[in-house]
Structure formats: C-alpha cells, structure tokens
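Let's take a walk through a protein model and see how its pieces fit together. Have a look at the picture first, then read on.

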Amino acid sequence: MSLLDRFGVAVGYTVALAVGTVLLHAQPRSTRDAWLDWASTNLANAPDHPVSTLVVSGLFTDGEVRGWLVLSLVGLGALGWRLGAWRTLAVVASAHVLGTVLSEGILGLRIAAGAVPASEAHIRDIGPSYVVVAALVAGLVYGPWAARLPCAIGFAMVAPDLFGGLPHLEVSSVGHVAAITVALVEGALFVLPLRRAAARARAG
C-alpha cells in the first residue's frame with residue numbers, strides 16, 4: 001500500500017477535526033453554542049437533519065482538541081497501516097454511526113418508558129471520541145506490532161473517562177462501548193481475509 005492509502009484517513013480526519021474546532025472556537029459564545037446544538041447527534045435533531053449531524057458532530061469539540069489530534073493520528077494511522085484507506089474509513093464511520101444510533105436509541109426507549117425526562121432528547125452529543133477511541137482499540141488489536149503500544153497508551157489515557165456512566169446507561173458510555181464493539185467486529189471481517197491472502201502469498 002502507498003503512504004496515502006495507509007495514512008490518508010488519519011491525516012485527513014485529523015486536519016478536518018483541527019480546522020472544524022478552530023472555526024468553532026473562533027465564533028462568539030452564542031454562535032458556538034448554536035453550532036454545537038445544530039451539530040449534536042441527539043434525538044431532537046435526528047428527525048430534522050440526521051446525516052449532517054452525524055458528519056459534522058465528529059469534527060467539533062468544545063473542549064481541548066490537541067490531545068484528540070494526537071490520538072487521532074495514532075489510532076487511525078495504526079488502523080490504516082493494516083487495513084488501508086477505504087477499510088479504515090468504513091470501520092470508523094460504522095463505529096461512529098452505530099455508536100450514536102445505539103446509544104441515542106437506548107435513550108429514546110428510556111424517555112418513552114419515563115425513566116429519564118424528555119429534556120434528555122436535547123443533550124449535546126458531539127465530539128471525535130467515538131471515531132478516535134474505536135480506532136485506538138482496533139489499532140491495538142489489529143494494527144502492526146510497532147503501532148500497538150502507542151494505541152494502548154492512548155486508550156489508557158482516555159479510558160477512565162469513557163465508561164463511568166455505563167451502569168446508568170449514559171449516552172456517551174453506551175456509545176463508546178458500541179463504537180468499540182463495532183470496530184472490533186468489522187475490523188476482524190477485514191483483517192482475516194488479508195491475513196489469509198498474505199499466508200497464501202508466502203506459501204506460493
């Protein structure tokens with residue numbers, strides 16, 4: 001694979017995240033809040049503009065972005081090194097979309113059952129974490145050996161903040177579990193044929 005095929009997704013997504021967040025933070029607070037509310041992948045936005053929120057929500061963060069930029073390069077770079085560009089894009093896009101759909105779907109069921117207030121439909125569900133965390137875990141499991149330690153370190157840095165709300169079915173915690181699971185399953189579906197092809201090539 002070429003360098004573009006291996007690392008194009010990592011560089012492209014990281015640049016997009018940096019540009020999106022810089023543009024966001026350049027706005028006045030009121031405009032920034034409006035952008036975040038519009039891009040949030042919550043139940044209130046889902047009936048109106050689901051596709052645009054799924055795309056844009058992964059390119060904004062209201063907090064510090066520099067750590068996410070580094071982790072994005074590490075995780076997506078490790079996964080791209082093993083899978084190439086289109087497979088890497090498929091894995092993290094699926095993780096982001098399904099992590100969002102499953103976590104928000106569970107929230108919708110809880111609202112319908114009266115377990116949480118209806119105002120939870122407007123929560124701010126935004127940021128790069130589903131993409132980046134899914135890539136770090138998939139890179140740790142499927143990436144080349146040289147990339148696994150950086151992926152492990154990166155995941156260990158963010159893991160304490162990812163799953164604390166899981167006993168209460170908080171959206172972000174459920175979403176991270178779902179995104180990681182999707183990335184591992186889909187990554188396996190891509191990696192196994194590649195390993196078989198490599199084995200046949202060595203045998204031949």
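Starting from the N terminus, the elements of the protein chain run α-α-α-α-α-α-α-α. That makes 8 helices and 0 strands, where helices (H or I, at least four residues) and strands (E, at least two) are DSSP runs numbered from the N terminus.

A quick word on ground rules. This is a predicted model, in which local features need pLDDT of at least 70 and side-chain atom pairs count only at pLDDT 80 or more, while totals for chains, interfaces and linings use all residues. Residues are numbered from 1 along each chain as its sequence is written, and side-chain values use heavy atoms, with hydrogens and water left out.

**The overall shape**

The C-alpha atoms of the protein chain fill a box of roughly 60 × 40 × 30 Å, taken along the principal axes. The radius of gyration is 18 Å, which agrees with the value near 17 Å for a compact globule of 204 residues; this radius is taken over C-alpha atoms, and the globule rule is 2.2 Å times the number of residues to the power 0.38. Of the 204 residues, 42% are buried (buried means under 20% relative accessible area, exposed over 50%, partly exposed in between, with a 1.4 Å probe and protein chains only). Now for contacts, meaning heavy atoms within 4.5 Å: among those between residues at least 6 apart in sequence, 75% join residues at least 24 apart.

**Two helices to compare**

How do the spans of helix 1 and helix 4 look? The expected span is 1.5 Å times one less than the number of residues.

| Helix | Residues | Expected span | Span in the model |
|---|---|---|---|
| Helix 1 | 23 residues | 33 Å | 32 Å |
| Helix 4 | 18 residues | 26 Å | 25 Å |

Helix 1 has a kink of about 30 degrees, centred on Val9; the bend at a residue is the angle between axes fitted to the seven residues ending there and the seven starting there. Val9 is also one of the buried residues of helix 1, along with Ala10, Tyr13, Thr14, Leu17, Gly20, Thr21 and Leu24. An α-helix has 3.6 residues a turn, so residues three or four places apart point the same way. What covers the buried residues of helix 1? The cover includes helix 2, helix 4, helix 5 and helix 6.

Helix 4 has buried residues too, among them Trp68, Gly75, Leu76 and Leu83. Right after helix 4 comes Gly84, with a positive phi near 85 degrees.

**The core**

The largest nonpolar core has 38 residues, and Trp68 and Leu76 have the most contacts inside it. Such a core is a set of buried Ala, Val, Leu, Ile, Met, Phe, Trp, Tyr and Cys residues joined through side-chain atoms within 4.5 Å. Helix 1, helix 4, helix 5, helix 6, helix 7 and helix 8 each give two or more residues to this core, and helix 6 gives the most, with 10 residues. Which residues does Leu76 touch? Leaving aside neighbours within four places in sequence, Leu76 is in contact with Val9, Ala10, Tyr13, Thr88, Val92 and Ala135.

**Two residues to find**

Leu169 sits in the loop between helix 7 and helix 8. Leu169 is not a glycine, yet it has a positive phi of about 55 degrees. Leu169 counts as partly exposed because its relative accessibility is 38%.

Arg195 is in helix 8. Its relative accessibility is 42%, so Arg195 is partly exposed as well. Not counting residues up to four places away in sequence, Arg195 touches Val141 and Arg148.
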